[in-house]
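Visitor: I should like to learn how the features of a protein model are read. May we go through one together?

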There are 2 protein chains.
Amino acid sequence: MHRTRVRIVADVLDANDTIARANREDFDAHGVAVVNLMSAPGAGKTSLLARVLHELDGVRVGVLEGVVQGTLDAERLASLHVPVTQIETSRGFGGECHLDANMVRSALPEVPLGELDLLVIENVGNLVCPAEFKVGEHHRVMVCSVAEGEDKPLKYPLMFRACELVLVNKVDLLPHLEYDLDLFLRHLDAVNPHAERLLVSARTGEGVDGFRDWLARTAAGAVAVG
Amino acid sequence: MHRTRVRIVADVLDANDTIARANREDFDAHGVAVVNLMSAPGAGKTSLLARVLHELDGVRVGVLEGVVQGTLDAERLASLHVPVTQIETSRGFGGECHLDANMVRSALPEVPLGELDLLVIENVGNLVCPAEFKVGEHHRVMVCSVAEGEDKPLKYPLMFRACELVLVNKVDLLPHLEYDLDLFLRHLDAVNPHAERLLVSARTGEGVDGFRDWLARTAAGAVAVG
């Protein structure tokens with residue numbers, strides 16, 4: 001069973017890369033910088049976006065919101081008066097645990113690319129498959145909460161290796177956890193020494209200006225495409 | 001692409017159910033109660049097991065440890081002098097984001113079923129696909145950390161619906177979070193009102209005796225098979 005499955009997955013990934021290239025060409029044609037934002041469930045992707053999106057002065061930003069089911073996150077971000085398009089993987093996509101290029105492609109007619117400088121694609125909460133499926137993005141960013149423990153880079157290396165920026169979130173909890181931040185950073189260095197890292201708290205706002213500035217530079221084309 | 005993919009996934013799931021039944025027959029033949037333990041990454045599955053496994057007096061317990069990569073969790077549990085068998089999904093299984101029945105079957109020759117009363121299968125950290133693949137278990141349990149937010153039952157309903165027991169972990173953090181426990185429990189009731197729930201802290205030990213007792217009753221065959 002598994003040998004067949006692996007071959008099928010390889011074929012699906014080839015098709016995915018082809019469609020991802022088409023998405024990228026559309027993004028480039030409109031001059032939109034696209035960020036694929038990934039994390040485990042509950043790490044704080046939406047909370048961080050809610051903190052920074054309305055502070056991106058002069059940047060026209062939109063969100064493509066990937067979820068298995070439900071509209072909670074999309075509603076939360078739409079309340080910031082940011083254009084949000086939702087992809088529910090449970091509708092027509094078999095309840096997939098990740099976004100793929102075709103799902104993003106199917107949503108593009110609803111995304112006002114001509115009116116955007118920056119599109120953030122918020123992926124499904126999962127540390128495995130989202131890292132395997134390019135969707136046409138220029139940049140990959142992940143959020144890792146300190147509540148998840150220090151070992152995540154070693155247990156999910158593909159995800160940490162795929163990202164150029166790691167947002168270490170919920171640092172306001174550090175005094176209340178047995179969490180060794182230096183150990184986490186050593187583990188991150190072991191799998192991806194080149195990843196930029198920012199310590200942030202979506203709850204208190206600590207460090208989120210660094211993420212806001214990174215997004216602004218990205219929208220301006222000032223961050224090298226990964 | 002997706003119509004084909006969905007059909008393939010349906011075929012794979014049929015094959016999975018067949019192999020899961022064979023696993024279940026082997027577990028039953030040896031009189032071993034089997035628990036499939038699931039959660040998001042970093043919710044605390046291994047920490048909870050480390051708290052309770054050595055307190056299960058008179059219960060012969062083993063662990064089947066599912067990971068994408070690495071031996072951190074297996075080593076941690078083996079140090080408790082519990083027989084641990086590891087399945088790395090990155091080796092021969094394409095880096096899958098979940099365990100399936102065939103992976104478990106391939107590991108069974110290494111599991112001393114004849115010497116066990118209880119086998120805990122610790123799944124890969126993921127709130128989507130592990131709920132879709134039976135592995136032959138009698139019981140499904142999940143861990144949900146309060147650091148993940150109250151909305152998880154609504155966003156990952158299949159997982160919460162699949163489980164008969166939900167361990168709400170890291171309750172020692174409640175004073176430091178903006179987390180509405182009643183809201184979480186209402187969301188849980190909305191998708192699975194029959195799920196038993198226990199408030200626990202693997203860090204302080206609060207409430208973990210309830211999980212220990214549930215495992216002991218399960219090993220004794222005193223918990224109805226799900």
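**Reading pockets, sheets and a cavity**

Guide: Let us begin with a pocket. In this predicted model, helix 2 of chain A contributes four residues to the lining of the largest pocket, the most of any element.

Visitor: How much space lies in the largest pocket, and which residues are closest to its centre?

Guide: The largest pocket holds about 760 Å³ of space. It is lined by 39 residues, and A:Gly44, A:Ser47, A:Arg76, B:Glu148 and B:Gly149 are the closest to its centre. The elements that give two or more residues to this lining are helix 2 (45–52), strand 2 and helix 3 (72–78) of chain A, together with helix 5 (152–155) of chain B. Sorted by class, the lining has 13 nonpolar, eleven polar and 15 charged residues.

Visitor: Which elements give two or more residues to the lining of the second largest pocket?

Guide: They are helix 5 (152–155) of chain A and, from chain B, helix 2 (45–52), strand 2 (61–67) and helix 3 (72–78). Helix 2 of chain B gives the most, with three residues. The second largest pocket holds about 650 Å³. Its lining numbers 35 residues, with A:Gly149, B:Gly44, B:Ser47, B:Arg76 and B:Lys170 nearest the centre. By class, eleven of the lining residues are nonpolar, eleven polar and 13 charged.

Visitor: A cavity is another feature to read. How many cavities of 30 Å³ or more does the structure hold?

Guide: A cavity differs from a pocket in that a 1.4 Å probe fits inside but cannot get out. The structure holds one cavity of 30 Å³ or more, and the space in the largest cavity is about 60 Å³. Thirteen residues would be easy to list, but those nearest its centre suffice: A:Pro41, A:Glu148, B:Pro41, B:Ser145 and B:Glu148. The lining comprises five nonpolar, four polar and four charged residues.

Visitor: Let us turn to the sheets. In what order do the strands of chain A lie?

Guide: To read a sheet, one follows its strands from one edge to the other. In chain A, seven strands form an open sheet in the order 3-2-4-1-5-6-7, with parallel pairing. Strand 3 (84–88) and strand 7 (196–199) of chain A are the edge strands, each pairing on one side only. On average, neighbouring strands of this sheet are turned by 20 degrees against each other, direction ignored.

Visitor: Over how many bridges do strand 2 and strand 4 of chain A pair?

Guide: Strand 2 (residues 61–67) and strand 4 (residues 118–122) of chain A pair in the parallel sense over five bridges. Within strand 4 of chain A, A:Ile121 stands opposite A:Leu64. A helix also crosses this sheet: helix 8 (residues 208–219) of chain A lies across strand 1 (33–39), strand 4, strand 5 (139–145), strand 6 (165–169) and strand 7 of chain A, at about 145 degrees to strand 1 of chain A.

Visitor: Why is one side of strand 3 and of strand 7 of chain B left without a neighbour in the sheet?

Guide: In chain B, seven strands form an open sheet with parallel pairing, in the order 3-2-4-1-5-6-7. Strand 3 (84–88) and strand 7 (196–199) of chain B stand at its edges with a single partner strand each, so one side of each lacks a neighbour in the sheet. Strand 1 (residues 33–39) and strand 4 (residues 118–122) of chain B pair in the parallel sense over five bridges, and B:Leu37 has B:Glu122 as its bridge partner in strand 4 of chain B.

Technical notes:
Residues numbered from 1 in each chain as written. Chains lettered and ligands numbered in written order. Predicted model: local features only at pLDDT ≥ 70, side-chain atom pairs only at ≥ 80, totals over all residues. Heavy atoms only, no water. 1 Å grid on protein atoms, 1.4 Å probe; cavity = no way out; pocket = protein on both sides within 12 Å on 5 of 7 lines; lining within 4 Å. Points joined across faces, edges and corners; volume = space filled by probe spheres on them. Nonpolar A, V, L, I, M, F, W, Y, C, P; charged D, E, K, R; others polar. Pairing = 2+ DSSP bridges. Axes fitted to C-alpha atoms, helices over the stretch in contact; angles between N-to-C directions. Contact = heavy atoms within 4.5 Å.
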